[in-house]
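This report considers a ligand site, a set of charged pairs and a few further surface and strand features. The sequence and the structure come first.

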Amino acid sequence: MKYMDEVAAIVAVKHTGKNCVTASVDRMDFYAPVFIGNLLVLKASVNYVGVTSMEVGVRVEAQNPISGAVTHTGSCYFTYVALDEFGKPTPVPGLRPVTKDEKRRFRQAAARRKIREAELAALRKL
Ligand SMILES: CC(C)(COP(=O)(O)OP(=O)(O)OC[C@H]1O[C@@H](n2cnc3c(N)ncnc32)[C@H](O)[C@@H]1OP(=O)(O)O)[C@@H](O)C(=O)NCCC(=O)NCCS
């Protein structure tokens, strides 16, 4: 999970060219175990951008170095906020999804953002 946050942070900083902080981490789903000796492959992308925040998705794959078999072992979504030189949230560059996968990730990330906001709003009412 530490690797995932580090990889996601690199992607956020590369997209914005700015210092970025983790605002939230969604639930972590573990689909399959990682065995001792497996190689970890982490893939990350900016899925969606708001005004000053963005969602970065990270997918973890485990590769058996002998057979070459690759298993999708987990995924998680992080929200990063870009900061200006004063440490205040600052606008992030836009995102133009082009491929079918990029468009799907964008749609799903937008839906997750709505769910996060609704969840926070509901909890604040309790
Ligand atoms: C993240 C942080 C910068 C947000 O600051 P803030 O004053 O609440 O900023 P705002 O209310 O203006 O929100 C800024 C953006 O962050 C998003 N955001 C704030 N809190 C969030 C949360 N808990 N989950 C997801 N997004 C969040 C807002 O939706 C907004 O996005 P948008 O501009 O795309 O619409 C601030 O809470 C912070 O510094 N947190 C600590 C970060 C940290 O130390 N992380 C761990 C180590 S890196």
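## Basis and terms

A residue is called buried under 20% relative accessible area, exposed over 50% and partly exposed in between, with a 1.4 Å probe and protein chains only. The model is predicted, so local features need pLDDT of at least 70 and side-chain atom pairs count only at pLDDT 80 or more, while totals for chains, interfaces and linings use all residues. Residues are numbered from 1 along each chain as its sequence is written, and side-chain values use heavy atoms, with hydrogens and water left out.

## Salt bridges

A salt bridge is taken as a side-chain nitrogen of Lys or Arg within 4 Å of a carboxyl oxygen of Asp or Glu, and by this rule there are nine. One of them pairs K2 with E6, whose closest N and O atoms are 2.7 Å apart. Because they stand four residues apart in helix α1 (residues 2-16), about one helical turn separates K2 from E6; helices (H or I, at least four residues) and strands (E, at least two) are DSSP runs numbered from the N terminus. K2 is exposed at 61% relative accessible area, whereas E6, at 38%, is partly exposed.

R116 also forms a salt bridge with D26 (2.8 Å, N to O), and this pair links distant parts of the chain, 90 residues apart, with R116 in helix α2 (residues 100-125) and D26 in the loop between β1 and β2 (29-30). A salt bridge likewise joins R116 to E55, the closest N and O atoms being 2.8 Å apart; here E55 lies in strand β4 (residues 53-63), 61 residues from R116. R116 and E55 are both buried, and salt bridges with shared partners join D26, E55, R112 and R116 into one network.

## Ligand site

The residues around the ligand, counted when a heavy atom lies within 4 Å of it, include V21, S24, T52, P89 and R113. Strand β1 (19-25) and strand β5 (70-83) each supply at least two residues of this shell, and β1 gives the most, with four.

Polar side-chain atoms approach the ligand at three residues: T52 lies 2.6 Å from a ligand oxygen, S24 lies 3.3 Å from a ligand nitrogen, and R113 lies 2.8 Å from a ligand oxygen.

## Strand β3

Two residues of strand β3 (residues 39-49) are described here, L40 and N47. L40 is partly exposed, with a relative accessible area of 40%, whereas N47 is buried at 3%.

Technical notes:
A polar contact is a pair of N or O atoms within 3.5 Å; within protein, one must be able to donate a hydrogen and the other to accept it, and residues adjacent in sequence count only if both atoms are side-chain atoms.
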